[in-house]
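Work through the exercises below with the sequence and the model open. Try each task before you read its solution.

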Amino acid sequence: MNLWRLNPLRSNTPHQQLLLLTHHYHSPTNKPISTTTHIEEQAEQTKAILSLLRSPNFSPTPTTYSNLLSQCLSTSQPLTFASQIHARLAKSGLTKHATTHTLLTRLYLQLNLPDHVRDLLDEIPHLEHLVSAYARAGLARESALAFKNMRSAGIECDVFTFPSVLKACSTSLDYVTLGTQIHAVVVFTGFESDVYVANTLAVAYAKWGMLSHSRRLFDAIPDRNVVSWNVLLNGYVRNDRCGEALRLFGEMVLSGTKPDEFSLSTALNACTGAEDLHRGRLVHGILVRMGHAGDLFTSNALVDMYAKLGDMGAACAAFEGIGLPDVVSWNALIAGCVLHGRHARALELVEEMKRAGTKPNIFTHSSVLKACAEAEALDLGRQIHSSLIKTGSDHDPFVSVGLVDMYAKCAIMEDARRAFDSIRDRSLIAWNALISGYSQNGHDEEALALFSSMRGEGFSATFNRTALLAVLKSSSAVQSVVLSRQLHALALKAGLHCDDHVVNSLIDAYGKCGFIEDARMVFDENPFGDIVAFTSMITVYAQFGWGEEALKLYVNMLKGGHEPDGFACSSALNACTTLSAYEQGKQIHARILKSGFIHDIFAGNALVNMYAKCGSVEDAGVAFSEIPERGVVSWSAMIGGLAQHGRGEEALEVFREMLEEEVAPNHITLTSVLCACNHAGLVSEAEEFFDTMERRFAIERTGEHYACMIDVLGRAGRLDEAVRLVETMPFEANSAVWGALLGAARIHKDPALANQAAERLLSLEPEKSGTHVLLANVYASAGMWGDVARVRRAMRECGVKKEPGMSWVEAKDEVHAFVVGDNSHPRAPEIYAKLEELGRSIVELGYEPMVEIDLHNVGRTIRRRCLRSIASGLLWPLGSLVHRKGCRFGSRRI
């Protein structure tokens with residue numbers, strides 16, 4: 001102990017010493033420098049006061065003890081201190097003094113010692129006083145028991161006893177039956193008409209959620225006062241019936257009852273809950289006219305209302321109108337900034353709050369942690385965490401969940417897990433925060449395992465939508481249909497299967513797993529599907545190449561009166577891309593223009609991609625130019641479209657423009673650039689991009705990049721370099737790489753290399769017929785007919801069939817489809833006649849067909865005829881017969 005602190009006190013009497021000592025330690029000019037210093041000074045103070053209490057010359061009065069107990073309540077004193085004061089009071093016979101008894105009871109309640117409180121209250125001799133004392137202490141069961149004993153003893157109740165016991169019963173739904181019994185006693189004894197008792201009954205029923213009973217009691221009060229109105233107003237707001245609360249406030253004003261500050265603040269809270277800014281402004285006008293603008297309680301509700309409803313200008317004005325804002329005022333404004341995404345301003349307000357001398361509390365820290373989480377301000381979040389640990393506030397339920405959420409959103413999952421593990425009583429919100437964090441940061445296995453642990457910790461039946469959505473996202477990421485079905489079953493069991501968000505997540509999960517029929521079943525079971533559900537299902541169809549089904553669903557969506565948004569239009573455009581459905585894509589483009597989504601980034605990117613894939617590069621360029629803020633996806637789509645149609649030089653020019661606009665490319669962009677170089681025959685440029693992509697663009701080379709580069713080298717005849725590149729790859733070559741090498745071997749008629757590549761391809765994809773066909777082409781072009789026969793025999797033995805090619809032409813809003821050697825078209829004779837005419841014309845122009853690719857061991861003339869009758873060869877004559885301009889062509893394997 002620092003003795004110099006007590007030396008000045010030695011010349012005073014014990015009473016003066018006690019007063020000076022408590023004043024010294026609680027003086028505002030002696031603020032603790034740190035938490036550790038504060039704790040040490042409190043310990044010194046406790047020892048000094050106890051030393052004075054033991055002094056033989058010290059004879060304290062009830063007033064002395066009251067002052068001392070009041071000081072104890074304002075600080076964190078240990079149990080031993082409270083016990084010794086209690087002992088001194090008992091020795092002095094002052095425990096039954098009204099003031100000291102109340103303060104000592106409050107001190108034990110603050111220390112969370114209900115047994116000590118009961119012992120104190122049992123000393124009260126009069127049962128009617130005991131009922132009130134237990135009620136004030138929050139001991140509902142004891143208060144009710146005292147009331148029962150009072151009735152058994154024949155002691156009459158008065159207007160103070162009933163409100164006390166009813167207040168105690170209103171604290172829990174466990175006491176509803178007891179509360180209704182007391183209500184019966186009130187009616188029987190004739191106290192129901194007393195406004196004080198009636199108001200307390202109305203409060204009790206409102207807290208139990210029985211608002212119809214509260215309303216009947218309110219209507220039966222003959223002489224309602226402002227408290228009566230406030231009781232029912234507050235009951236409506238507490239039970240989220242804010243619209244009814246506002247109607248009641250209107251009745252109150254029309255009845256001539258003058259609202260007080262509590263009425264006005266409750267009405268403002270009702271406007272907040274009902275999200276009714278207009279009525280909130282009307283209430284604001286009423287409180288100004290009634291002279292309550294300077295009331296702190298009402299002003300805080302006003303700031304909170306404006307802040308939560310998004311009028312931050314009015315919230316700041318209301319805040320600035322408060323003379324001395326308290327911590328509630330600051331919290332309301334800070335929370336509003338966080339709610340509406342003004343995270344930087346929220347953090348500035350905290351610093352202003354500290355400079356103004358207002359100490360942040362738990363709710364402040366909770367809001368600041370949310371701001372740090374959304375702004376990903378990790379360093380500031382760590383500083384706040386450190387200060388919370390020093391003050392011992394890090395174990396508060398709100399703060400601890402905020403810490404988990406902050407670290408998770410900053411992608412520091414190790415610290416998020418540590419914060420979660422430090423929580424003693426984990427709530428559902430805490431579990432949700434960590435599960436969502438794992439899922440959002442790609443730790444899908446951990447998210448799924450944690451969800452299982454949560455259910456094992458007693459939340460098997462109480463999990464909510466937040467947790468289910470997070471684990472559904474993780475199950476779709478790991479593409480586990482088993483998990484998706486289990487989660488679907490849990491959603492059914494929990495009654496969440498009709499929730500729009502859950503439905504959309506289930507569709508996405510089944511779609512990512514490739515179970516299209518299951519996704520459609522979920523969609524069909526939700527008869528009131530919203531635009532998001534339609535978009536999810538259309539997206540699933542488009543991703544798996546079910547373009548026709550996607551467009552049919554899009555049409556059904558329009559027929560159902562659902563107006564598509566930018567996401568729905570982009571999904572439908574992707575479906576058009578898979579079908580090369582140019583005309584349908586133009587129709588969707590028209591709807592995008594009509595709906596005002598032309599500047600939507602998703603719709604714009606999808607338009608560029610659709611036009612490019614459908615062969616209309618010019619239209620793709622126009623759509624590209626209309627995108628206001630072109631990102632990497634926009635540029636990549638345009639570059640890829642140009643590259644796909646052999647316009648390599650233009651693709652590289654667009655790529656250079658992209659770099660000039662300082663848009664960083666991604667791995668897809670570089671794949672398109674390499675393809676552009678390939679189509680344009682720019683081998684050296686392709687080598688430069690391939691060799692420098694890691695150093696120049698910080699992009700690691702993928703299998704796609706290697707496949708493109710091998711194709712570039714192969715087409716240029718540099719087969720040895722292509723083989724060396726395959727051998728020096730840092731990872732195992734995939735089917736795309738070996739396919740590129742096989743294609744190069746076919747072009748340059750290298751049977752040995754073709755055989756090597758085909759063997760690796762067949763080990764990776766034995767069911768694909770394309771590998772066998774390419775290998776047979778190589779053998780046929782080299783005249784190795786025995787090997788051609790061997791490949792065909794191997795296909796028959798393995799059950800592999802060549803997929804027939806189908807091509808189509810879209811002309812005059814009609815689609816004409818063909819397969820090889822097709823004679824089913826009603827205009828087949830004209831088509832073949834035109835085909836012969838075109839064939840003669842192109843031969844006269846010097847064209848010589850590559851008859852080597854035909855797998856039939858026949859003469860060149862017959863081979864020419866076979867090649868002419870392939871599916872794509874039948875398109876051009878029909879196009880020239882039907883409509884010379886505006887025809888769109890497409891082909892695919894069926």
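**Exercise 1. Place S263.**
Find the helix that holds S263, then decide whether S263 is buried or exposed.

Solution. Step one: S263 sits in helix α15, which covers residues 261-274. Helices (H or I, at least four residues) and strands (E, at least two) are DSSP runs, numbered from the N terminus. Step two: S263 has a relative accessible area of 0%, so S263 is buried. The classes are buried (under 20% relative accessible area), exposed (over 50%) and partly exposed (in between), with a 1.4 Å probe and protein chains only. Step three: look across to F249. S263 and F249 are 14 residues apart in sequence, and their C-alpha atoms are 8.0 Å apart in space.

Before going on, note the ground rules. This is a predicted model, where local features need pLDDT of at least 70, side-chain atom pairs count only at pLDDT 80 or more, and totals for chains, interfaces and linings use all residues. Residues are numbered from 1 along each chain as its sequence is written, and side-chain values use heavy atoms, with hydrogens and water left out.

**Exercise 2. Trace a salt bridge between two helices.**
Which helices hold E251 and R215?

Solution. Step one: apply the rule. A salt bridge is a side-chain nitrogen of Lys or Arg within 4 Å of a carboxyl oxygen of Asp or Glu. By this rule the count comes to 28 salt bridges. Step two: check the pair. The side chains of E251 and R215 form a salt bridge, at 3.3 Å from N to O. Step three: place both ends. E251 lies in helix α14 (residues 242-254) and R215 in helix α12 (residues 211-220), so the pair ties together parts that are 36 residues apart in sequence. Step four: grade the exposure. E251 is partly exposed because its relative accessibility is 35%. R215 is partly exposed too, at 22%. Step five: widen the view. R215, D219, R224 and E251 are linked in a network of salt bridges.

**Exercise 3. Compare two more bridges.**
Where do R718 and E687 lie, and where do D711 and R715 lie?

Solution. Start with R718 and E687. Their closest N and O atoms are 2.8 Å apart, in a salt bridge. R718 is in the loop between α41 (703-715) and α42 (719-727), and E687 is in helix α40, so this pair ties together parts that are 31 residues apart in sequence. R718 is partly exposed at 26%. E687 is partly exposed at 24%.

Now take D711 and R715. Their side chains meet in a salt bridge at 3.2 Å, N to O. Both residues lie in helix α41, 4 residues apart, about one turn of the helix. D711 counts as buried at 18% relative accessibility. R715 is partly exposed at 46%.

**Exercise 4. Find two positive phi angles.**
In which loops do E376 and S580 lie?

Solution. Step one: E376 lies in the loop between α21 (362-375) and α22 (378-391). Its phi is near 55 degrees, a positive value in a residue other than glycine. Step two: S580 lies in the loop between α33 (566-579) and α34 (582-595). Phi of S580 is also near 55 degrees and positive, again in a residue other than glycine. Step three: check the cover. E376 is exposed, with 54% relative accessibility. S580 is buried, with 17%.

**Exercise 5. Place A344.**
Is A344 buried or exposed?

Solution. A344 belongs to helix α20 (residues 343-355). At 52% relative accessibility, A344 counts as exposed. A344 and E374 are 30 residues apart in sequence, and 10.0 Å apart in space from C-alpha to C-alpha.

**Exercise 6. Read the repeat record.**
Which residues does UniProt list for "repeat: PPR"?

Solution. Step one: the unreviewed UniProt entry lists residues 225-259, 326-360, 427-461, 530-564 and 631-665. Such annotations may be inferred rather than shown by experiment. Step two: check residues 225-259. This span is 74% helix and 0% strand, with its end C-alpha atoms 10 Å apart. Step three: check residues 631-665. Here the chain is 74% helix and 0% strand, and the end C-alpha atoms are 9 Å apart.
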